[in-house]
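Work through the exercises below with the structure in view. Try each task before you read its solution.

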Amino acid sequence: MNAPNPSGWRPAMGVAAPEGFESPTVSGDRALMLEEPLIFELREPGTTGVDIDDLELEPLDTLAGFLRAEAPALPGLTEPETVRHYTRLSRQNYAIDLGPFPLGSCTMKHNPRLNEKLARLPGFADVHPLQPQQTVRGALAAINELAVWLIELTGMHGVAMSPKAGAHGELCGLLCIKAAIEARGEDRTVILVPESAHGTNPATAAFAGFSVESIPATADGRVDLAALTAKLGPHVAGVMITNPNTCGLFERDMKAISDAVHAAGGYVYCDGANFNAIVGKVRPGDLGIDAMHINLHKTFSTPHGGGGPGSGPVVLSEALAPFGPLPWTARMADGTVRLIEEEDAATEMPTSFGRMAAFHGQMGMFTRALTYILSHGADGLRQVAEDAVLNANYVLRSLDDVLDAPFGAAGPCMHEALFSDAGLAEGFSTLDMAKGLIDEGFHPMTVYFPLVVHGAMLIEPTETESKAGLDRFIASMRSLAERAKAGDETLKSAPHFAPRRRLDETLAARKPVLTWQG
Amino acid sequence: MRYLPLTSADRAEMLGVIGAASVDDLFADVPAAARLPGPVPGLPHHASEMAVERHMTALAAQNLSAGAAPFFLGAGAYRHHVPASVDHLIQRGEFLTAYTPYQPEIAQGTLQVLFEFQTQVARLLGTDVANASMYDGSTACWEAIAMAARITRRKRAVLSGGLHPHYVSTAATMARFTGDVLETRAPVLDAVPDDDAVIAAIDAETSCVVVQYPDILGRIPDLAKIAAAAQAHGALVIAVVTEPVALGLIEAPGKLGADIVVGEGQALGVGLQFGGPYLGLFGCREKYVRQMPGRLCGQTVDATGKRGFVLTLSTREQHIRREKATSNICTNAGLCALAFSIHMTLLGGAGLAKLARVNHARAQQLAARLAAVPGVTVLNRAYFNEFTVILPRDARDVVRELADRRVLGGVSLGRLYPQETALANGLLVTATELTSPEDIEAFGTALEGVLA
């Protein structure tokens with residue numbers, strides 16, 4: 001017989017909670033599900049968490065009449081409070097680091113940490129954009145090295161490195177087209193955009209002063225070549241085509257489209273958001289493209305950061321390159337790389353359409369993307385495209401017996417698999433599927449896009465998902481599809497297990513509260 | 001390859017499920033002529049982590065980093081001390097590797113940060129509201145001009161001569177294509193900014209007046225006076241702040257009558273990074289919120305009544321409105337907004353005020369030292385942490401010669417305004433809390449040497 005433990009401890013599993021037990025907690029937290037107040041609720045203004053050296057301060061005569069009446073009414077939290085606040089908040093986010101993030105057309109792939117490490121080298125991170133060029137040779141060489149990769153991978157003539165994101169790159173491409181048309185002494189005002197395009201395409205065309213005309217899709221989800229050709233004419237400046245397109249399909253007629261547009265005096269802009277499907281396999285330059293932006297934050301693994309920063313270099317054909325923006329990185333006859341700015345533009349880049357933003361572009365993204373590209377090399381990038389396409393087709397064929405795949409019968413997809421809401425029970429929607437996926441521990445796919453498919457579900461697994469990971473995702477999707485077809489009402493109130501239940505977006509828009517009102 | 005989890009066996013098994021004989025069959029829609037038979041020729045193949053690190057480190061070593069020399073550059077990008085916790089926290093995978101918060105139930109972390117960021121920015125700028133960020137200050141400035149044109153239905157913008165020339169160029173590029181008219185002027189080397197000329201240029205056709213505060217030469221315009229004049233003509237005032245730390249000390253533009261305030265937020269949390277990624281700040285009066293570009297985060301409740309946050313007023317945005325959107329912006333600067341917000345959370349308003357005071361004190365010390373260099377005069381009457389000095393010869397050459405002596409001695413006006421010979425001897429210099437008395441002395445001595 002053992003003596004009783006003098007501390008009173010005894011091994012025990014406790015008792016089972018009664019059915020339906022939902023005890024509220026005093027704190028509002030539930031174990032590792034942590035609630036977090038706003039910083040404004042944690043402290044009053046007037047405090048600071050930064051120790052700033054005391055100086056002998058001189059009088060403020062130089063600022064007489066300009067002084068702020070009172071310091072900004074913002075609290076300052078100490079470091080422990082700050083670290084805890086943001087760490088607790090971070091736990092309310094889903095991220096690629098936690099699991100698959102199969103947002104179609106967003107290419108949420110793993111973000112290698114070597115990229116982060118090297119981008120932080122002081123020689124890249126702690127360099128001012130207006131330092132004398134003699135002190136930034138390495139930075140310019142890095143930009144040029146990335147530029148050469150982008151040109152070679154796309155088979156194009158030149159590249160504008162400064163655009164700050166995909167949509168900014170679209171703008172860059174369209175301004176090149178506009179400048180080229182002006183240089184020919186013509187006035188073309190229309191950009192043709194397929195129905196299935198990203199919303200940024202028509203928005204960019206309008207932002208750049210064009211009017212937009214829509215091109216219908218064929219029954220197999222591609223640009224209708226005949227309809228497009230019929231719209232061409234002396235008023236059409238160009239077309240914006242996404243290839244592979246937003247239905248996850250390669251535009252088989254791309255070369256014919258380019259030839260027709262060129263014959264009619266227009267230019268071809270390609271939205272490169274989906275370049276991950278073809279990198280190292282197909283060069284857009286071989287398809288007659290004149291301009292294409294490359295989202296470094298998609299294909300080349302720079303982090304999305306909860307909504308940016310992006311980076312959208314634009315590769316240009318020989319016809320458009322002379323019109324590219326300033327600054328422009330150019331390799332000189334002696335092999336050195338120079339930045340062409342306003343100072344030299346008149347002699348070195350006389351037809352440039354000008355500057356799109358201050359300084360030289362998203363250097364911090366360039367170093368990350370270059371690190372990624374060098375890691376993969378030409379052979380690895382080809383494998384990236386192959387694995388991305390393989391993973392998407394595996395998802396397509398593992399689900400097309402339980403979900404409607406509108407273009408599934410026509411053949412393989414590229415890097416993303418598209419499904420519709422056809423066949424779900426009356427009253428059950430794509431949104432219910434998405435919210436159900438949240439409860440299953442996955443980030444939902446892109447929903448209700450592209451617009452050409454009803455209740456679209458666009459799944460892009462990317463090449464960085466393992467087969468085992470895909471199998472888990474597929475099992476969840478199959479279960480959800482069966483529940484939605486069977487009319488399982490519990491799906492309509494999903495998510496049940498996330499930090500928040502469905503949020504009232506109508507209320508948010510009707511009475512906007514955009515800042516803390518306390 | 002270390003980033004690709006599929007094995008050969010996986011690939012074979014998956015092809016079996018798909019019913020394809022090879023991966024190439026999956027690319028059957030690509031015309032044969034466009035399919036490359038192997039890796040793109042002429043490019044290197046994959047490399048180990050160690051090899052890549054060696055290559056990139058060698059490139060970085062060819063640059064003179066700001067921390068390795070006495071450093072005095074500004075002109076729209078400022079070097080400040082960033083507390084260690086900022087960079088640590090933005091590297092948490094839940095922030096770093098999340099997408100735009102389209103599914104709010106599992107993105108409350110990012111959304112609450114954006115809501116806090118919007119509040120911080122609005123209170124800093126003195127505006128009613130602020131958005132969730134733009135690409136940078138220069139693109140935010142053009143978006144503000146376009147927004148003012150939508151609100152006033154006028155297309156003529158008056159830009160002050162003190163607006164950063166890259167911002168002017170960015171706006172000029174866009175205006176050339178949209179039909180907006182920009183009235184621009186080069187800066188004049190006066191002790192005070194061109195407020196009177198700006199006011200004189202405002203008329204009944206003016207959509208907006210764009211005024212940088214402090215301006216490109218470090219001078220501080222009289223925003224209240226300009227705002228009164230603009231208001232009398234029904235024009236909006238857009239204030240542009242390229243150094244947000246200044247707002248710890250000088251009055252918030254929104255309090256002086258600015259209708260829209262845009263800024264470059266890089267100075268807090270983001271770092272120099274050779275020019276990007278940076279962070280566009282954008283605030284305005286509440287009545288204009290539906291004309292604003294960019295993402296907005298708003299407060300709401302969930303199905304059980306708990307407070308939560310969502311992206312809102314998206315009917316302004318491209319993914320809903322397409323060609324009728326207020327802007328084409330999509331991805332913006334989320335992670336930079338996070339860095340800014342964390343840095344601001346550590347500082348608080350009181351810390352920012354003290355930081356600003358220290359910046360100004362260092363600038364005063366720098367001004368006194370440079371004024372003691374023979375042949376050098378300080379232009380400004382008022383300044384925050386940046387001011388202009390006039391040298392006896394072309395400042396572009398002086399900057400290069402200073403760099404040869406390992407002093408990063410400011411930004412020459414010739415670099416910023418290559419066509420304006422009248423400005424050639426101007427040098428823009430900045431001091432921040434990172435500038436030590438030893439740095440200032442080293443600069444003074446080097447400048448004496450170069451000008452001797």
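A helix crossing is left-handed if the near helix is turned anticlockwise from the far one by less than a right angle, and right-handed if clockwise. Keep in mind that this is a predicted model.

**Exercise 1. A helix pair in chain B**

Task: Describe how helix H7 (residues 137–152) of chain B and helix H8 (residues 165–178) of chain B cross.

Solution:
- Step 1. Take the axes of H7(B) and H8(B). They come within 9 Å and cross at roughly 45°.
- Step 2. Classify the angle. Values from 35 to 65 degrees fall outside the parallel and perpendicular classes and count as oblique. H7(B) and H8(B) are therefore oblique to each other.
- Step 3. Give the hand. The crossing of H7(B) and H8(B) is right-handed.
- Step 4. List the residues that meet. H7(B) brings B:Gly137, B:Ser138, B:Thr139, B:Cys141, B:Trp142 and B:Ile145. H8(B) brings B:His166, B:Tyr167, B:Thr170, B:Ala171 and B:Met174.
- Step 5. Sort them by class. The contact of H7(B) with H8(B) has six nonpolar, five polar and no charged residues.

**Exercise 2. A helix pair in chain A**

Task: Repeat the analysis for helix H5 (residues 137–154) of chain A and helix H11 (residues 363–399) of chain A.

Solution:
- Step 1. Find the geometry. H5(A) and H11(A) pack at an angle of about 55°, with their axes 10 Å apart.
- Step 2. Classify it. This angle makes H5(A) oblique to H11(A).
- Step 3. Give the hand. H5(A) and H11(A) make a left-handed crossing.
- Step 4. Look at the contact. The H5(A) residues are A:Ala139, A:Ala142, A:Ile143, A:Glu145, A:Leu146 and A:Trp149. They meet A:Met363, A:Phe366, A:Thr367, A:Ala369, A:Leu370 and A:Ile373 in H11(A).
- Step 5. Sort the residues of the contact of H5(A) with H11(A). The split is 10 nonpolar, one polar and one charged.

**Exercise 3. The sheet of chain A**

Task: In what order do the seven strands of the open sheet in chain A lie, and which strands stand at the edges?

Solution:
- Step 1. Read across the sheet. The order is S1-S7-S6-S5-S4-S2-S3 in chain A, and the pairing is mixed.
- Step 2. Find the edges. Strand S1 (158–160) and strand S3 (211–215) of chain A each have a single partner strand, so one side of each is left without a neighbour in the sheet.
- Step 3. Add the twist. From one strand to the next, the twist of this sheet averages 25°.
- Step 4. Zoom in on one pair. Strand S6 (residues 291–293) and strand S7 (residues 314–316) of chain A pair in the antiparallel sense over three bridges. In one of the bridges, A:His293 has A:Val314 in S7(A) as its partner.
- Step 5. Add the covering helix. Helix H6 (residues 166–183) of chain A lies across several strands, among them S1, S6 and S7 of chain A. H6(A) runs at about 165° to S6(A).

**Exercise 4. Unusual backbone spots**

Task: Where are the cis peptide bonds before A:Pro244 and B:Pro214, and what is the phi of A:Ser105?

Solution:
- Step 1. Recall the usual case. Most residues other than glycine have a negative phi, and most peptide bonds are trans.
- Step 2. Take chain A. A cis bond joins A:Asn243 and A:Pro244, with omega about -5°. A:Pro244 sits in the loop between S4 and helix H9 (254–263) of chain A.
- Step 3. Take chain B. The bond from B:Tyr213 to B:Pro214 is cis, with omega near -15°. B:Pro214 lies in the loop between strand S4 (206–212) and helix H10 (223–232) of chain B.
- Step 4. Check phi. A:Ser105 is not a glycine, yet its phi is positive, about 70°. The loop between helix H2 (79–90) and helix H3 (113–119) of chain A holds A:Ser105.

**Exercise 5. Domains and chains**

Task: How many residues do the domains of chain B, and then chains A and B, bring to their contacts?

Solution:
- Step 1. Set the bounds. Chain B has domain 1 (70–81 + 349–451) and domain 2 (84–344).
- Step 2. Count. In chain B, 31 residues of domain 1 are in contact with 28 residues of domain 2.
- Step 3. Name the main contributor. Helix H12 (334–371) of chain B gives the most to the domain 1 side, with seven residues.
- Step 4. Move to the chains. Their contact takes 173 residues from chain A and 169 residues from chain B. On the chain A side, H11(A) gives the most, with 22 residues.

Note on methods
Residues numbered from 1 in each chain as written. Chains lettered and ligands numbered in written order. Predicted model: local features only at pLDDT ≥ 70, side-chain atom pairs only at ≥ 80, totals over all residues. Pairing = 2+ DSSP bridges. Helix = DSSP H or I, 4+ residues; strand = E, 2+ residues; numbered from the N terminus. Axes fitted to C-alpha atoms, helices over the stretch in contact; angles between N-to-C directions. Contact = placed C-beta atoms within 7 Å. Domains from an automatic or database assignment. Parallel < 35°, antiparallel > 145°, perpendicular 65-115°, else oblique. Nonpolar A, V, L, I, M, F, W, Y, C, P; charged D, E, K, R; others polar.
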